[in-house]
Each structure stands twice: as C-alpha cells, then as structure tokens.
Amino acid sequence: MAKLKVGILISGRGSNMAALIEAAKAADYPAEIACVVSNVADAPGLKIAQAAGIATTAIPHKGFPDRESFDRVVSAELEKQGVELVAMAGFMRIQSPWFPGHWQGRIINIHPSLLPAFPGLHVQQQAIDAGVRISGCTVHFVTADLDAGPIIAQSAVPVLASDDAEILAARILRQEHRLYPLVVRWFGEGRISLAGGRVVVDGVPAAATLLFSTEP
Ligand code: GRF
C-alpha cells in the first residue's frame, strides 16, 4: 500500500522531526517523510533532515507582507511535494486562519502539556508554577485557535517536587518522541479523522487516546 506522505514544519532543533524520520525508516511504517519546511533558515533540524536524504526548504517569514501570503507559499511547497498530512513540530510561527482552514483534518501539532492546560509558551514552567502533579504532551488537530484544536492523543508524566522546567521538559520530550510517531502511524493506517470538529478513531467518535508513562 502507498505510504502516507507527511510534511513536517519546524523552526528549531527538530527532535520531534528526527523521531518521525527515524520511525519512518521501518519498512512496515505506513508513512514517509516527504519534506521538511522551516521558517528559520539556519534551524538545526534542517541539517538533520538533509543528512537523512529528505527534501528540505527554508522559507524565512521575513519579507512577506502578511501572515497569509507566507502561509500560502509554505502550503504550495507542501503540495508540490505531494504532502497529505502536515505535522507541525516546534513550528514557532503563528499562522493565519487560512492555513489550518486549507489543511483542515490534515494538520496536526505536538505540544508539551496536557492541553487544554498550559497553551502557549514556557509551558513546563507554567505547569510547575501551577503545582500540578501530572503533565505530559498532546497531539492535536490544528485549528485557527492556538493550541486548542481537537485532541487526538496524550501522554502523561509525573511532575516531581524536585523538577525544574528543564528536567520536566526533558521528561515530557521523551514522551513526545514516542507519541508523535505513534499518532502519525495511526494516520498512515487511516485510523484517525476529523468529523464535525471531533476526532474519530477507527470510525468511532472518540475521546482522546491516552498513554501513561510511569517514568519518573
Ligand atoms: C517540543 O517540545 C514541541 O512539543 C513544541 O516545541 C518543541 C519542539 O522541539 N511544540 P523539537 O524542535 O521537536 O526538538
């Protein structure tokens, strides 16, 4: 069967992108990484993707008159590569509503908190400051509302009294690297869709899928 063509959007180090590239090396993985696009020309992740032989494009957002004109160029590049699913992985550019509208049901993001708690930035510090005992990561459909699209899957980790933001971020990141390839696999297997603003898993309108990590 043809593999699902995935386009990854990055802005930085690209460790989630690398996890997807690694997963896609397996012969039985139902998705392939068609291209990586960055809005930051010297994003370290681009080098990782190039070393893996993946088509990369840098489209610096500076110089575009507005968000939508940048988004349309990014979208055209993804379409040129035949992308069927867009996976945002540390893409630090706020998009115009046009982009998630155009890719509705075909664009996902990973976020390092258990949404809807702690959207935005510095989320591990937000979790520590709030005193929560459990945090984690979320893969969700992207909509026009930042970090607020329908939740597909989450992985939970403990927050320890001794944690600082860096330690907690590392613990969550290990789960991100596990969860994102798993969710993209489900897409490749045709198990996930969006209908009426709800996530459908195996044909059943379902609540989010949850993995637990007992890793301290
Ligand atoms: C990850 O924590 C991801 O959840 C968030 O941005 C970070 C990107 O890290 N959206 P990387 O570039 O994948 O290493």
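**A first look at the protein chain**

Let's start with overall size. For 216 residues, a compact globule would have a radius of gyration near 17 Å, and the protein chain comes out at 17 Å, so the two agree. One caution before I go on: this is a predicted model.

Now the dimensions. The C-alpha trace spans about 45 × 40 × 35 Å along its principal axes. What about the secondary structure? The protein chain has six helices and 11 strands.

Next, the inside and the outside. Of the 216 residues, 47% are buried. The protein chain exposes about 10,000 Å². Carbon and sulfur atoms supply 57% of that area.

Contacts, then. Take those with a separation of 6 or more. Residues 24 or more positions apart account for 65% of them.

Charges, briefly. There are 18 positive and 20 negative charges in the protein chain. How far apart are their mean positions? They are 2 Å apart.

Let's zoom in on one sheet. This is an open sheet of three strands, in the order β8-β9-β10, and the pairing is antiparallel. Which strands are at the edges? They are β8 and β10, the latter at residues 204-205, and each pairs on one side only.

Look at β8 and β9 together. Strand β8 covers residues 192-195, and strand β9 covers residues 198-201. Four bridges link them in the antiparallel sense. One example: I192 has V201 in β9 as its bridge partner. The two strands form a hairpin with two residues between them. There, G196 takes a positive phi near 55°.

As background, strands of a sheet pair through backbone hydrogen bonds, either parallel or antiparallel.

Now move to the loop between β5, residues 107-111, and α5, residues 123-130. Three residues there deserve a stop.

First stop, P116, which sits in this loop. A cis peptide bond joins L115 to P116, with omega at about 10°.

Second stop, F118, also in the loop between β5 and α5. Its phi is positive, near 60°, and F118 is not a glycine. Is F118 buried or exposed? F118 counts as buried, because its relative accessibility is 16% and the cut-off for buried is under 20%.

Third stop, H122, in the loop between β5 and α5 as well. H122 is not a glycine, yet it has a positive phi of about 50°. Here the relative accessible area is 64%, so H122 is exposed.

To recap that loop: P116 follows a cis bond, F118 is buried, and H122 is exposed.

Conventions. Residues numbered from 1 in each chain as written. Predicted model: local features only at pLDDT ≥ 70, side-chain atom pairs only at ≥ 80, totals over all residues. Heavy atoms only, no water. Rg over C-alpha atoms; globule rule 2.2 N^0.38 Å. Buried < 20%, exposed > 50% of the residue type's maximum accessible area, 1.4 Å probe, protein only. Contact = heavy atoms within 4.5 Å. Areas by Shrake-Rupley, 256 points an atom, 1.4 Å probe, with all protein chains shown as cover. Lys, Arg positive; Asp, Glu negative; His and termini not counted. Charge placed at Lys NZ, Arg CZ, Asp CG, Glu CD. Pairing = 2+ DSSP bridges.
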